[in-house]
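Student: I have a structure open and have not seen it before. Can you walk me through it?

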Amino acid sequence: MKESWDKTMREITNSCSRSEDLVPYLYNEATRAEALDFENHLQACPGCRAEAKAFGMVRESIGEWRRQALGASDVAESATVVPMRSDDKSPRRRSALVAIREFVTLSPGWMRAATAVIALIFCGLAIIAVAYFVEQPHIVVVEKPETAPAVATEPSNDTVLQSKGVDGGDRKTIPESVIASEQPATQKTANRRALPRLAERHKQIVPQKVSEPATELSATNDYLPFTVPTAEDKLPSLVDLADEPN
Amino acid sequence: MRWCAGEYGSGLAPRGRHERMETVTSDEQVVERALSGDAEAFGEIVSRWQRRIFALAYGMLGREEDARDATQETFLAAFRSLRSFRGDAKVSSWLHRIAVNQCITRQRRAKVRGETTLEDETEADGASYSAPAHESPARVAENQERTDSVRRAVRALPPELRQVVVMKEFEELTFQEIAEALDLPLSTVKSRLYTALRQLQMRLKHMASEIA
């Protein structure tokens, strides 16, 4: 292939000193005098004559290509500027990977380094943010039955336990330290764990027959840290009891 | 706002500089209007030059799709840098310079991305080419083959030679206009064109001998 190429080059070499005058002559940009002068030279110089012929063929080939490519548009004479339609889509859409690759390849070194540093900082901040939010304590909301008293947290230092029944009931304030001692488990889980034990206590508190006078119970259960309900009162639910300190 | 090269035909018949001189308002005056806030003025520049810029881009890039994009980018770049246009050069030279730079940048990017180019693909230009009815299929095929060869040969030229050939053959600019657009001495333009034609002749002959 190389030999063939070299042979081609040798064949077309034109050593004539006026060979470059051929170009203005060929493109009709020589003055009349220059053109006449070069025509005279062509008759005497076979090298330039051959080259003129060869260049003419090259120009013909390019012209053919031009006609094929742009020929149709030569006929079209649309004077308007056509706004690009918004729905026009490039047939070759670049993927994000290609775009990144192009950016990396074309960017200067300092820009690549800066991008890498920014990316690292961003990743570090993201990790710190995730770690911070994971360690945040959960705010526990104790679900209560519709008829049961509610347990609510208040923004004060002490948490108020509402053991309010349908009729209003009474309130007991639990020191924050007591609640904090139960922090390892969630409030709900602690309630569930306390349920069997409290149910036992509930049996002691609640008379087998609610219709019996409560005075008897209060006489025997004075050690309890809460008021024993009377027969007219509705009993607090197990969930409410579970919230009470042991 | 975006413009596209439409049908690559402008209202201005760009066949020669003489016809362009008939234009009532010069390009420089239109640019002045655009600079003074006339929103339609730059559109007029686009409509005047889009066809020629497209032809230049097509010759440089060899693919219609790329040429269309490059034309678009040329006018966008020109619009953005309108305020920096000092009027030292002609508007045409300014636009051509932007277009050439756009094409070169585009080729460099394509090379980096490893996209297929004219050299290793045969674009279906022939599909849109309607051959004259009197031509035989063999003749059509021969023309097509010759066109493909010349496309490849032009593409293989170094950029500094290719742009001169394309400006001359596709846009039919004068040597003086090419020199102004590329900011080169007139003699350099002539010698580059001569070198380009010689290299094209060599390559075409070489391709013909390989086929044979």
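**Burial and core**

Tutor: Of the 246 residues in chain A, 12% are buried, where buried means 20 or more other C-beta atoms within 10 Å of a residue's own, exposed 12 or fewer, and partly exposed in between, with C-beta atoms placed from the backbone. This is a predicted model: local features need pLDDT of at least 70, side-chain atom pairs count only at pLDDT 80 or more, and totals for chains, interfaces and linings use all residues. Residues are numbered from 1 along each chain as its sequence is written, and chains are lettered from A and ligands numbered from 1 in the order in which they are written.

Student: How many helices and strands does chain A have?

Tutor: Chain A has 10 helices and three strands; these are DSSP runs numbered from the N terminus, helices being H or I with at least four residues and strands E with at least two.

Student: How many residues of α3(A) are buried?

Tutor: Zero of its 13 residues, so α3(A) is hardly covered.

Student: Ok, the core. Which helix gives the most to the largest nonpolar core?

Tutor: That core has 55 residues; it is a set of buried Ala, Val, Leu, Ile, Met, Phe, Trp, Tyr and Cys residues joined through C-beta atoms within 7 Å. Helix α3 (residues 41-61) of chain B gives the most, with 12 residues.

Student: And E32(B), why does it count as partly exposed?

Tutor: Because E32(B) has 15 C-beta neighbours inside 10 Å. E32(B) lies in helix α2 (residues 27-35) of chain B.
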